[in-house]
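The exercises below are meant to be worked through with the sequence and the model side by side. Each task is followed by a solution that goes step by step.

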Amino acid sequence: MPNSAKVIVIQLVVWYDFSAVDSDKSGFVGGKNMKEIIKVTEYAQMITEALPRGILLNTKNVKFNSMIIGWGGLGTVWGKPAFTIYVREHRYTKAQLDSVGEFTISVPLDKPIPSIAKICGTLSGRDVDKETEACLTLEDPEIISVPGIKEYPLTLECKVLYSQKQELEELPNDIRKKMYPQDIDGTYHSANRDAHTMYIGEIVAAYIIK
Ligand SMILES: Cc1cc2nc3c(=O)[nH]c(=O)nc-3n(C[C@H](O)[C@H](O)[C@H](O)COP(=O)(O)O)c2cc1C
């Protein structure tokens with residue numbers, strides 16, 4: 001490769017890394033609404049505190065779907081900024097994730113919106129169209145194929161790097177009995193019989209929808 005071409009390749013890599021995720025300079029990009037590019041680490045406390053109250057995990061295959069998650073983790077894996085999620089076997093979301101390998105995380109800047117939390121946390125995409133039911137305003141993504149949500153504006157676009165189903169036998173007894181009772185039907189969308197699959201997603205873009 002000629003030296004001039006090498007310089008162009010190196011410059012593209014540097015631009016991508018710093019502008020999309022970890023920029024010291026905030027910027028704005030377009031879309032239906034404006035998006036303010038953010039440095040994820042500056043919002044780590046907000047994201048971590050919002051998580052147990054319920055944030056949104058969005059997927060899109062045949063259709064867009066959104067489900068509430070309360071477990072997850074922001075961090076670094078293989079030198080990449082990452083968001084890890086835990087999805088039970090029978091969630092509609094799991095089939096979507098396994099087909100497409102991309103997801104967005106949507107975090108409210110204030111309190112969760114009760115109607116969205118209820119619909120996305122108790123109904124399944126198998127039975128309802130949550131975009132319509134929960135009156136979600138979708139925003140076109142920047143890099144992946146899954147939209148963000150204006151009502152929960154802090155958005156992380158993630159590409160799945162790795163997934164692994166939990167081995168229930170490896171869990172401490174008390175957690176296994178409490179979180180994974182085996183004497184119930186696992187197919188009901190709110191059932192808690194089945195193991196979670198962990199998905200580690202590389203954060204490839206982070207912004208707030210304005
Ligand atoms: C506060 C809260 C947190 C939740 N956290 C998770 C989670 O981390 N993982 C999971 O698989 N389900 C979780 N759920 C359950 C799903 O949101 C729920 O089963 C949803 O209806 C699944 O939607 P889907 O079938 O369209 O994927 C949570 C529900 C609530 C209310």
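**Exercise 1.** Which residues are exposed on the other side of helix 4?

Before solving this, note that the model is predicted, with local features needing a pLDDT of at least 70 and side-chain atom pairs counting only at pLDDT 80 or more, while totals for chains, interfaces and linings use all residues. Residues are numbered from 1 along each chain as its sequence is written.

Step 1. Helices are DSSP runs of H or I with at least four residues, strands are runs of E with at least two, and both are numbered from the N terminus. A residue is buried if 20 or more other C-beta atoms lie within 10 Å of its own, exposed if 12 or fewer, and partly exposed in between, with C-beta atoms placed from the backbone.

Step 2. Ile116, Ile119 and Cys120 are the buried residues to look at in helix 4. They lie on the same side of helix 4, because they cover an arc of only 90° around the axis, the arc being that of the directions from the helix axis to the C-beta atoms.

Step 3. The exposed residues on the other side of helix 4 are Pro114 and Thr122.

Step 4. The cover over the buried residues of helix 4 includes strand 3 (55-60), strand 4 and helix 5 (130-133).

**Exercise 2.** Describe how strand 3 is placed among its neighbours.

Step 1. Strand 3 is largely enclosed by the rest of the structure, because 6 of its 6 residues are buried. Ile55, Leu57 and Thr59 point one way from the strand, whereas Leu56, Asn58 and Lys60 point the other way. In a regular strand the side chains alternate between the two faces of the sheet.

Step 2. Two strands pair if DSSP finds at least two bridges between them. Strand 3 runs antiparallel to strand 4, with 6 bridges joining the two, and a hairpin of 3 residues connects them. Within this pair, asparagine 58 has serine 66 of strand 4 as its bridge partner.

Step 3. Strand 3 is also joined to strand 7 (residues 102-107) by 3 bridges in the antiparallel sense, and here leucine 57 stands opposite isoleucine 105.

**Exercise 3.** Find the strands that pair with strand 11 (residues 196-209).

Step 1. Strand 10 (residues 154-165) pairs with strand 11 in the antiparallel sense over 11 bridges, and lysine 159 stands opposite glutamate 202.

Step 2. Strand 6 is antiparallel to strand 11 and shares 7 bridges with it; tyrosine 86 has methionine 198 as its bridge partner.

Step 3. Strand 2 is joined to strand 11 by 3 bridges, again antiparallel, and glutamate 36 stands opposite isoleucine 208. Isoleucine 37, found in strand 2 (residues 35-37), counts as partly exposed because it has 19 C-beta neighbours inside 10 Å.

**Exercise 4.** Which strand supplies the largest share of the shell around the ligand?

Step 1. Of the 20 residues around the ligand, Gly70, Thr93, Gly121, Ser124 and Gly125 come nearest, where a residue is near if its C-beta atom, placed from the backbone, lies within 6 Å of the molecule.

Step 2. At least two shell residues each come from strand 4 (64-69), strand 6 (80-88), helix 3 (92-100) and helix 4 (114-122). The largest share, 4 residues, belongs to strand 4.

Conventions:
Contact = placed C-beta atoms within 7 Å.
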